[in-house]
Amino acid sequence: MDLDTVRTFVAVADAGQFQEAAAELAVTQQAVSKRVAALERTLGVRLFTRTPRGAELTIDGQAFLPHARELLRVSERAVASVRTGRRPLRVDIIASRGAASGLMRGFHRTYPEVDLDVVMLFDIETAVSAIRSGAIDASFRAVAVPDRPLPEDIASVRVLDEPLQLLTGPAHALAGSKSVTVAELVGHRIWMPGIVPGTEWAAYYDDLVAAFGLTIEATGPNFGSDALLDTVADTPALATFMGEQTRLVWPAGHGLRLIPVVDPTPVYPHSLLWHRDNPHPALATLRTHLAATTAGHDAAGTWTPDWVIPR
């Protein structure tokens, strides 16, 4: 059904005259008549009868009018949902408890008037495809994964270097340490069942293992953070890495310890990715906000893989 004919029908119904409807729509009276006739052919009914006073709705026209108005309202909402500046800013944060989620919460507190759609995509290829298709406006990722450079139309900027900390249960050999060096972790089992081969975080931890001779195990199913905390708390031989800004709550009886890792401190490099031609005004606001509120990068005493794009 042609929405122009529906819009014209509603204009005639409201005005009560073809001539006034033509003036409102800025078209000729002949064009209005043709549009109404085309709609009547589509529906197979008469919508108006002509009278000395103008145009009156038939019984079918009266029945169709509320549906015609709803069609136009739905059309307007559909256009607004994708019109730059009117639709929400769509951002991928990977996980709800991670550092990117915290960055977006901070942005929302500062700019509550900006409408947001927050999504969680799995890997960088999916995120880049979504950015290029316009499904999302931006994504927080570690870039660039070895042998997988970003496409030329995708821009990125480092926004946060997040220190890793060692999470242990109360009976772990390192539980009483105020800090641990990377060298002290050699020989200890670090369990991270959420590592998935081919992802950017798998590439990060592969390089961390290769650089310092660590033992990171990704065995077993990933039942989520609660199960991970339970296992680490109950298993003296296991520890795990946790991002400094990961927000988790564990039972008081677990006795879990978060211990800074030093000499050097491994940091996970979060970057914001977006399409170079994306005109959404809130995207520029987000980039300015992150540039003003996040700390420096590549600080002395920290480590990131060689493939990480610098600021």
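A salt bridge is counted where a side-chain nitrogen of Lys or Arg lies within 4 Å of a carboxyl oxygen of Asp or Glu. The structure discussed here is a predicted model, and by this rule it holds 12 salt bridges.

**Salt bridges**

One of these salt bridges joins the side chains of Arg-69 and Asp-14, with 2.6 Å from N to O. The pair links distant parts of the chain, since Arg-69 belongs to helix α4 and Asp-14 to helix α1 (residues 3-15), 55 residues apart. Arg-69 has a relative accessibility of 30% and therefore counts as partly exposed. Asp-14, at 49%, also counts as partly exposed, because that class ends where exposed begins, at over 50%.

Another salt bridge is formed by Asp-137 and Arg-87, whose closest N and O atoms are 2.7 Å apart. Asp-137 lies in the loop between α6 (124-133) and β5, while Arg-87 lies in the loop between α4 and β3, so the pair ties together parts that are 50 residues apart in sequence. Both Asp-137 and Arg-87 are buried.

A further pair consists of Glu-40 and Arg-46, with the closest N and O atoms 4.0 Å apart. The two partners fall into separate classes of accessibility: Glu-40 counts as buried at 15%, whereas Arg-46 counts as exposed at 53%.

The three pairs are set out below.

| Salt bridge | Closest N and O atoms |
|---|---|
| Arg-69 and Asp-14 | 2.6 Å |
| Asp-137 and Arg-87 | 2.7 Å |
| Glu-40 and Arg-46 | 4.0 Å |

In addition, salt bridges link Asp-92, Arg-141 and Glu-200 in a network.

**The surroundings of Glu-40 and the β1-β2 hairpin**

Glu-40 is located in helix α3 (residues 29-43). When neighbours within four places in sequence are left aside, the contacts of Glu-40 are Val-45, Arg-46, Leu-47 and Phe-48. Its relative accessibility of 15% places Glu-40 among the buried residues, because buried means under 20%.

Phe-48, one of these contacts of Glu-40, has Leu-57 in strand β2 as its bridge partner. Strand β1 (residues 48-51) and strand β2 (residues 54-57) run antiparallel and are joined by four bridges. A hairpin of two residues connects β1 to β2.

**A nonpolar surface patch**

Met-1, Leu-43 and Leu-71 together make a nonpolar surface patch of about 250 Å². Leu-71 is placed in helix α4 (residues 59-82). With a relative accessible area of 35%, Leu-71 is partly exposed; residues need over 30% to be part of a patch, so Leu-71 meets that condition.

**Helix α5 and its cover**

Helix α5 comprises 12 residues (residues 99-110), which should span 16 Å at 1.5 Å a residue. The C-alpha atoms at its ends are 17 Å apart, which agrees with that expectation.

Which residues of α5 are buried? They are Ala-99, Ala-100, Ser-101, Leu-103, Met-104, Gly-106 and Phe-107. An α-helix has 3.6 residues a turn, so residues three or four places apart point the same way. Among the buried residues of α5 are Ala-100, Leu-103 and Phe-107.

The cover over the buried residues of α5 includes strands β3 (89-92), β4 (116-119), β5 (138-141), β6 (154-168) and β12 (265-275), together with helix α9 (281-293).

Definitions and conventions
Residues are numbered from 1 along each chain as its sequence is written. This is a predicted model: local features need pLDDT of at least 70, side-chain atom pairs count only at pLDDT 80 or more; totals for chains, interfaces and linings use all residues. Side-chain values use heavy atoms; hydrogens and water are left out. The expected span of a helix is 1.5 Å times one less than its number of residues. Buried means under 20% relative accessible area, exposed over 50%, partly exposed in between (1.4 Å probe, protein chains only). Contact means heavy atoms within 4.5 Å. Two strands pair if DSSP finds at least two bridges between them. Patches are made of residues with over 30% relative accessible area and no salt bridge: like charges are joined within 9 Å, nonpolar side chains (Val, Leu, Ile, Met, Phe, Trp, Tyr) within 5 Å. Accessible areas come from the Shrake-Rupley method with a 1.4 Å probe; for residues, only the protein chains shown count as cover.
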